Amino acid sequence: MGGTLHRKLFAAIYDPFQAAGERTWLGAARSDLLGDIGGDVLEIGGGTGANLVHYRSADRVVIAEPDDEMRAHLLDKLGRSRVPVEVTADSAEHVNAPDDSFDAVVSTLVLCSVEDPQVVFAEVRRVLKPGGKLYFLEHVRGDDERWIRRKQRVEPVWKWVGLGCRLTRDTPGILESEGWSVEVRREMAPSKVPKILTPFVLGVATP
Ligand SMILES: C[S@@+](CC[C@H](N)C(=O)[O-])C[C@H]1O[C@@H](n2cnc3c(N)ncnc32)[C@H](O)[C@@H]1O
């Protein structure tokens, strides 16, 4: 989604746009979610590599990022990782890995943007080893009806600007309806983040 110039601009402003959040709450949330994940890890939609510095216990992280502009920024940061990292251009819908390949799959701020979350969850389920888990940190629809209506009004423009990002995706609800067991460990609405983008949920899902 998005022309080359749009994607180039999005990738160029992504880190500066997120910088204050990373310092004040988002970085800490990433660290809590990712720091203790061990074994072989797949991260879908790795973007510019914001999670790289937060992996402490993984044996290996494969980061899949289909957008070449985002991936270029990610490749520039590889030296910051404490754990071995490989980067691929795979989409979350088609991961180039055999069944039962990973102990954990990570998604942060990605499931709002995928076209069909059911297809992605089926692919995540396929590549997870038995007992493996999906770790997520996502902004979601929430259940405040007044804000859901506001989000619905803004969504068409936001989705264009944000290369497919939806404000009203009920990621935990979709996971549950696809048969996953979902544990939302934290729900966040940081005061400095526009309310239209909240709540964020951090948690773990088991197929
Ligand atoms: C908002 S950025 C988040 C980047 C990063 N995960 C983070 O936490 O900062 C969304 C990312 O999801 C990626 N993305 C969108 N659709 C995708 C798909 N179907 N499969 C994999 N990645 C996708 C985009 O290319 C982009 O890098």
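How many nonpolar, polar and charged residues make up the shell around the ligand? Eight are nonpolar, six are polar and four are charged. Here Ala, Val, Leu, Ile, Met, Phe, Trp, Tyr, Cys and Pro count as nonpolar, Asp, Glu, Lys and Arg as charged, and the others, Gly among them, as polar.

Before you click on, remember that this is a predicted model, in which local features need pLDDT of at least 70, side-chain atom pairs count only at pLDDT 80 or more, and totals for chains, interfaces and linings use all residues. Residues are numbered from 1 along each chain as its sequence is written, and side-chain values use heavy atoms, leaving out hydrogens and water.

**Stop 1: the ligand**

Select the ligand and the 18 residues that surround it, each with a heavy atom within 4 Å. The closest are Tyr-14, Arg-30, Gly-45, Glu-65 and Thr-108. Now show side chains. An N or O atom of the Tyr-14 side chain is 2.7 Å from a ligand oxygen. Polar side-chain atoms of Arg-30 and Glu-65 also approach ligand oxygens, at 2.8 Å for Arg-30 and 2.7 Å for Glu-65. Of the 600 Å² that the ligand exposes when taken alone, the protein buries 88% (Shrake-Rupley method, 1.4 Å probe).

**Stop 2: an aromatic pair**

Next, select Trp-25 and Phe-200. A pair of aromatic rings is described by the distance of the centres and the angle of the planes. These two rings are edge-to-face, with 4.8 Å between centres and 65° between planes. Rings of Phe, Tyr and Trp (its six-membered ring) pair if their centres lie within 6.5 Å; planes under 30 degrees apart count as stacked, over 60 as edge-to-face and the rest as tilted. Trp-25 sits in helix α1 (residues 4–34) and Phe-200 in strand β7 (residues 200–206), so the pair joins parts of the chain 175 residues apart. Helices (H or I, at least four residues) and strands (E, at least two) are DSSP runs, numbered from the N terminus.

**Stop 3: two backbone surprises**

Most residues other than glycine have a negative phi, and most peptide bonds are trans. Select Pro-199, in the loop between β6 and β7: the peptide bond from Thr-198 to Pro-199 is cis, with omega near 0°. Then find Asp-100, in the loop between β3 (85–88) and β4 (102–108). Asp-100 is not a glycine, yet has a positive phi of about 55°.

Terms used:
A polar contact is a pair of N or O atoms within 3.5 Å; within protein, one must be able to donate a hydrogen and the other to accept it, and residues adjacent in sequence count only if both atoms are side-chain atoms.
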